[in-house]
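Here are some exercises to work through with the sequence and the model side by side. Try each task before you read its solution.

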Amino acid sequence: MDWGTELWFEVLERHTQWGLDLLDKYVKFVKERAEVEQAYAKQLRSLVKKYLPKRPTKDDPEVKFSQQQSFVQLLQEVNDFAGQRELVAESLGIRVCLELAKYSQEMKQERKMHFQEGRRAQQQLENGFKQLENSKRKFERDCREAEKAAHTAERLDQDINATKADVEKAKQQAHLRNHMAEESKNEYAAQLQRFNRDQAHFYFSQMPQIFDKLQDMDERRATRLGAGYGLLSEAELQVVPIIGKCLEGMKVAAESVDAKNDSQVLIELHKSGFARPGDLEFEDFSQVINRVPSDSSLGTPDGRPELRAASSRSRAKRWPFGKKNKTVATEDFSHLPPEQQRKRLQQQLEERNRELQKEEDQREALKKMKDVYEKTPQMGDPASLEPRIAETLGNIERLKLEVQKYEAWLAEAESRVLSNRGDSLSRHARPPDPPTTAPPDSSSSSTNSGSQDNKESSEEPPSEGQDTPIYTEFDEDFEEPASPIGQCVAIYHFEGSSEGTVSMSEGEDLSLMEEDKGDGWTRVRRKQGAEGYVPTSYLRVTLN
């Protein structure tokens, strides 16, 4: 894959500008570092901090490029030996600052030349399109005039009061108009053929060639930038053998710049999925001239069929060098290119599925807790859990609707991508990630039973006397045994906010007072003396 077939103008303009900005940023970094080489480590660390990326790594798409990764790694290596005073300002100023600054100016001129070439080619295509529109309007106008002249001649020919001279003159006028319409038709057909040929040449030859030149220029710049990274490490190695390990790391960072791989990363990050526009169809306005008078009943009330001024326009982007339009972000990300829209919708769908799974796990835990309260009233009031259960059910229904909405949008986006690319691969929905936190009880029910319970709960709100017990009731009353029957360690943190439960911290040692009787809850005692129930799946138990 290359830029000429996979990318669009806005991405290239932004990326090549970012590459030049990165080059200038690196030159400026080395220059300022040369100025502070005589200072202490504090000044050097401040400089490194200044040039570290401001955004978090996970939110910065530029970190995927080896150039950016090498730059960040280089700064980290500089920070490692920030305590050493360096005396390499002269070498850095000559071999890095001057040469790369000069090279940056050359790259800017070359980039400007390539974009000017692209805009000139687009201007020529736009002029051809305007000529095509003018010839089409002229063809339509001449067809209407010819039709009008034909009607006039026919009316005079049937008028007994009209003179022979008037009839002959009307027929000559109709013949002239018909001839003019035929010439306009030929001119329009020729313009259409010429424009389609020029458009195909522009999109499949000129534009890819220009974009490939930009790719070659950017890769040369990235390679030279990587070499510039290497110059910094070489200057340090000449005078500071004690920090050789740090400098070797910087050299590795410089050599890890992969211009080809960065080009592929750019494609994967920003490939648009836009389809090239197809040829415009020929619109024949001359059919009404050759029709017979008896056909007039099929036309408009005045005997003239309706002429459509224009055909439907292609929705594909026609002018890659056009001005950037300000787009308004939408919930379905339809303002993004097809590939980017599909990725964003997939992320949103996975996030909603994780939230839904979390809410269903919470609902199961609340139902178990409510059943414990009903079977063991001294542990708490079951009615106190009703608001939380209702709130959880509402959240589940809301998230299900959102999942359905995003699934529909994702299917539409994938269909659009496949339509544009002609891709015959079938789509497979990616399953959501499992919950990142442990549920209160991970063994009480399967996913299918959870879904069935959710359905039943949404149809019939839970109430006392109607809930089916999820687990067996406690056989014994809440009584403190004489001594612990074992020890256990809390694997996860648990906030015992309900009646009958006790809070515990991750890693806390607890005394086992009563084993799990199949309900998913275990009775424990903390060192402070507090006693209550906690989820069995949150514990690692050792019996005496």
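Helices (H or I, at least four residues) and strands (E, at least two) are DSSP runs, numbered from the N terminus. This is a predicted model, in which local features need pLDDT of at least 70 and side-chain atom pairs count only at pLDDT 80 or more, while totals for chains, interfaces and linings use all residues. Residues are numbered from 1 along each chain as its sequence is written, and side-chain values use heavy atoms, with hydrogens and water left out.

**Exercise 1. The surroundings of Q191**

Task: Find the helix that holds Q191, decide whether Q191 is buried or exposed, and list what Q191 touches beyond residues up to four places away in sequence.

Solution. Start with the position: Q191 sits in helix α6, residues 164–239. Next comes accessibility, where buried means under 20% relative accessible area, exposed over 50%, and partly exposed in between (1.4 Å probe, protein chains only). Q191 has a relative accessible area of 13%, so Q191 is buried. Then look for contacts, meaning heavy atoms within 4.5 Å. Once residues up to four places away are set aside, Q191 touches Q131, L132 and S135. Finally, check for a polar contact (a pair of N or O atoms within 3.5 Å; within protein, one must be able to donate a hydrogen and the other to accept it, and residues adjacent in sequence count only if both atoms are side-chain atoms). The side chains of Q191 and R194 make one at 3.0 Å.

**Exercise 2. Helix α8 and S263**

Task: Compare the expected and modelled spans of helix α8, then describe the setting of S263.

Solution. The expected span of a helix is 1.5 Å times one less than its number of residues. Helix α8 covers residues 259–270, so its 12 residues should span 16 Å, and the 17 Å between its end C-alpha atoms agrees with this. At the start of α8, the backbone nitrogen of K260 has a side-chain oxygen of D258 within 3.3 Å.

Now move to the buried side of the count: A259, D262, S263, V265, L266, I267 and L269 are the buried residues of α8. For S263 the relative accessible area is 1%, which is why S263 counts as buried. Apart from neighbours within four places in sequence, S263 is in contact with W3, Q215 and E219. With E219 there is also a side-chain polar contact of 2.9 Å.

**Exercise 3. Salt bridges within and between helices**

Task: How many salt bridges does a search of the whole structure find? Sort three of the pairs by the helices that hold them.

Solution. A salt bridge is a side-chain nitrogen of Lys or Arg within 4 Å of a carboxyl oxygen of Asp or Glu. By that rule, the search of the whole structure returns 21. Take E234 and R95, whose side chains meet at 3.4 Å, N to O. E234 lies in helix α6 and R95 in helix α5 (residues 89–158), so this pair ties together parts that are 139 residues apart in sequence. Both partners are partly exposed, E234 at 34% and R95 at 30%.

The next pair is K138 and D142, bridged at 3.2 Å, N to O. They are four residues apart in helix α5, so about one helical turn separates them. K138 is partly exposed at 31%, whereas D142 is buried at 7%.

The third pair, D216 and R220, has an N to O distance of 3.0 Å. These residues are four apart in helix α6, again about one helical turn. An α-helix has 3.6 residues a turn, so residues three or four places apart point the same way. D216, at 41% relative accessibility, is partly exposed, and R220 is partly exposed at 32%. Elsewhere, salt bridges that share partners join E514, R523, R525 and E531 into one network.

**Exercise 4. The whole chain**

Task: What do the secondary structure, the burial and the contacts of the chain come to?

Solution. First, the secondary structure comprises 11 helices and five strands. Second, of the 544 residues in the chain, 43% are buried. Third, take contacts between residues at least 6 apart in sequence: 78% of them join residues at least 24 apart.
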